[in-house]
Amino acid sequence: MELEQVLHMNCGVGQTSYATNSSLQREVMSIVRPILEESIEVYCNNKVLPKCLRIADLGCSSGPNTLTAVSNIFDIIEASSQSLNINSPTFQVFLNDLPGNDFNAVFRSLPSFYEKLKKEKGDKFGPCFITAMPGSFYGRLFPDNSMHIVHSSYSLQWLSKVPKGLVDDQTGEAHNKGNIYISKTSPPVVFKSYLDQFQIDFTNFLRCRSEEMNIIEAKCLDNYNVPSYFPSAREVKGVIEKDGSFCIQKLNTFEIAWDAGFTTINNNNEKHKSGKYVSDYIRAVMEPILVKQFGEIIMDELFNRFANKVNESMANEKGNYVNLVISLTKN
């Protein structure tokens, strides 16, 4: 399976689209905004702002969240510029995702975004120029020393490919039988394969960004495995320190409930909808690569069952995602 061809969020604005089911990701961006503010304020205070500030959002997807990070960065730069009594720079923004991303939807949203920006900030702000940069962030995307601020949210857990070592080289048997991802029944070799691939990918990500960032600035069932890895803070720290390209300014963890962003009347008749909410946003993210492996016919049934499983799980214990938020400066 050519992962780069199928790894994209559900397109459009339908019921199962990423655009309709991405409020959890927006909640995460809201939670980490103070750290984004702190990081950019440090940058603004320690550097002379260039005439053209180049910003990249890696893994932008499409939908209402696509320009949220960019808008937040604009707000922070504007506030810092005002506090320093300097003019805000011109902005050049690169929205990056894999080529299968719905960039057409992003482009259609730009006129209204520009109009909103002009109305809120006036003619003295910017100007800004937004373009797309399709490609994998595990490889080079930009020229040497060309970028000032690089942002990525809920994207680096995706691996560049399904890890090697999940199938026995001699017998051809899958090591992770009965699973499509790491689980309690997965043998140690599965954990190691995923961790090894994450370390390779994240190292590539750091090295590519190190070359690109401007020097003035302080990524069938037994045979199917999800190409995603959620590292611990210790594992992330280990890769960063071993690579040596960046210095850790912040490495924090926080938890967010599976159904964060979901509001409903708190009664027994509505509780089942929480499971569907979770199932819908997982479907919006996962369906394209699942369809490639298992076909489209089973998708409705699969995610209906998944919603029920989520409800069962949340009835017994609170489901939380553990998130990492990282701020780095180039050494």
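**Exercise 1. Which residues form one aromatic cluster with Phe 137?**

Start with the ground rules. This is a predicted model, where local features need pLDDT of at least 70, side-chain atom pairs count only at pLDDT 80 or more, and totals for chains, interfaces and linings use all residues. Residues are numbered from 1 along each chain as its sequence is written, and side-chain values use heavy atoms, with hydrogens and water left out.

Step 1. Apply the pairing rule: rings of Phe, Tyr and Trp (its six-membered ring) pair if their centres lie within 6.5 Å; planes under 30 degrees apart are stacked, over 60 edge-to-face, the rest tilted.

Step 2. Read off the cluster: Phe 137 joins Tyr 138, Tyr 194, Phe 198, Phe 202, Phe 205 and Tyr 229.

**Exercise 2. Classify the pair Phe 74 and Phe 91.**

Step 1. The count comes to 15 aromatic pairs. In this one, the centres are 4.5 Å apart and the planes at 45°, a tilted pair.

Step 2. Place the rings. Phe 74 lies in helix H3 and Phe 91 in strand S2, so the pair ties together parts 17 residues apart in sequence. Helices (H or I, at least four residues) and strands (E, at least two) are DSSP runs, numbered from the N terminus.

**Exercise 3. Do the same for Phe 137 and Phe 205.**

Step 1. The ring centres lie 5.5 Å apart with planes at 85°, so the pair is edge-to-face.

Step 2. Phe 137 sits in the loop between strands S3 and S4, and Phe 205 in helix H5.

Step 3. Look for a charge. Arg 209 lies over the face of Phe 205, 4.9 Å from the ring centre (NZ of Lys or CZ of Arg within 6 Å of the centre and within 35 degrees of the ring normal).
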